[in-house]
Amino acid sequence: MGFLLNLGPLFFFFHSCVGVYDITQYNAVENIDTWEAAVQNTEALAQAISAANASPTEDRTVWIPSGSIFYFKNLTSTGLHDITIVVDGTLRLNNDLSRWNKEMAGKKQEALYFEDCEGIHLTGTGTIDGQGLPWWRLAYLGVDYRPHFIEFHEGNISSCCFNSHNFNTQPCF
């Protein structure tokens with residue numbers, strides 16, 4: 001049993017040394033569909049991205065592990081360089097429309113927003129799910145504050161690519 005207890009920190013140390021930043025190491029919570037969990041997961045994702053961006057290693061990878069759903073809300077990333085985001089699980093946009101509207105003060109917000117970024121690679125075997133149906137229904141009724149799913153803002157954006165991804169039900173194109 002002592003061997004297993006020592007193996008965990010050793011694995012985490014090795015895992016961090018090779019430049020892989022698992023969002024669960026930043027307190028992301030799995031399979032909880034609440035606004036609070038989405039806020040916590042967004043913060044965990046932002047911290048993992050920030051740590052990867054600050055890493056001196058060449059392998060600067062943020063990992064969303066397989067087998068789980070991680071709900072998130074809008075995430076803004078600026079000044080990223082040479083980051084790989086591997087989604088092997090499911091990254092799902094929270095669709096608590098009343099909270100989204102209240103928190104965003106009725107303004108459109110992008111789910112994933114990148115500005116002044118270079119060398120961003122989004123890959124993996126998982127899914128990024130926008131849970132678009134409730135958003136589209138609301139827009140049909142004339143209330144439209146749907147977030148764009150992914151947006152690259154003007155500025156220094158270069159060599160960003162998406163590979164092997166399954167994007168489901170975007171809230172807005």
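The legends below describe close-up views of a predicted model.

**View 1. The open, parallel sheet of four strands.** In this sheet the strands follow the order 3-6-9-12, and their pairing is parallel. Strand 3 (69–72) and strand 12 (166–168) form the edges, each pairing on one side only. On average, and with direction ignored, neighbouring strands of the sheet are turned by 20° against each other. Helix 2 (residues 35–54) packs on the sheet, where it touches strand 3 and strand 6, and its direction makes about 95° with that of strand 3.

**View 2. The pairing of strand 6 with strand 9.** Strand 6 (residues 90–93) runs in the parallel sense with respect to strand 9, and the two pair over three bridges. Within strand 9, Asp129 is the bridge partner of Arg92.

**View 3. The surroundings of Thr127 in strand 9.** Thr127 belongs to strand 9, which covers residues 127–129. Thr127 counts as buried because its relative accessible area of 15% lies under the 20% cut-off. Leaving aside residues up to four places away in sequence, Thr127 touches Val87, Gly89, Thr90, Leu91, Asn166 and Asn168.

**View 4. The largest nonpolar core.** This core holds 32 residues, of which Ile23, Leu45, Val62 and Ile85 touch the most other members. Among the elements that give two or more residues to the core are strand 2 (61–64), strand 5 (81–87) and helix 3 (97–104), while the largest share, six residues, comes from helix 2.

**View 5. The contacts of Val62.** With residues up to four places away in sequence not counted, the residues that Val62 touches include Tyr21, Ile23, Leu45, Ala48, Ile49 and Ala52, and also Ile83, Thr84, Ile85 and Val86.

How values were computed
Residues numbered from 1 in each chain as written. Predicted model: local features only at pLDDT ≥ 70, side-chain atom pairs only at ≥ 80, totals over all residues. Heavy atoms only, no water. Buried < 20%, exposed > 50% of the residue type's maximum accessible area, 1.4 Å probe, protein only. Contact = heavy atoms within 4.5 Å. Pairing = 2+ DSSP bridges. Axes fitted to C-alpha atoms, helices over the stretch in contact; angles between N-to-C directions. Core = buried A, V, L, I, M, F, W, Y, C linked by side-chain atoms within 4.5 Å.
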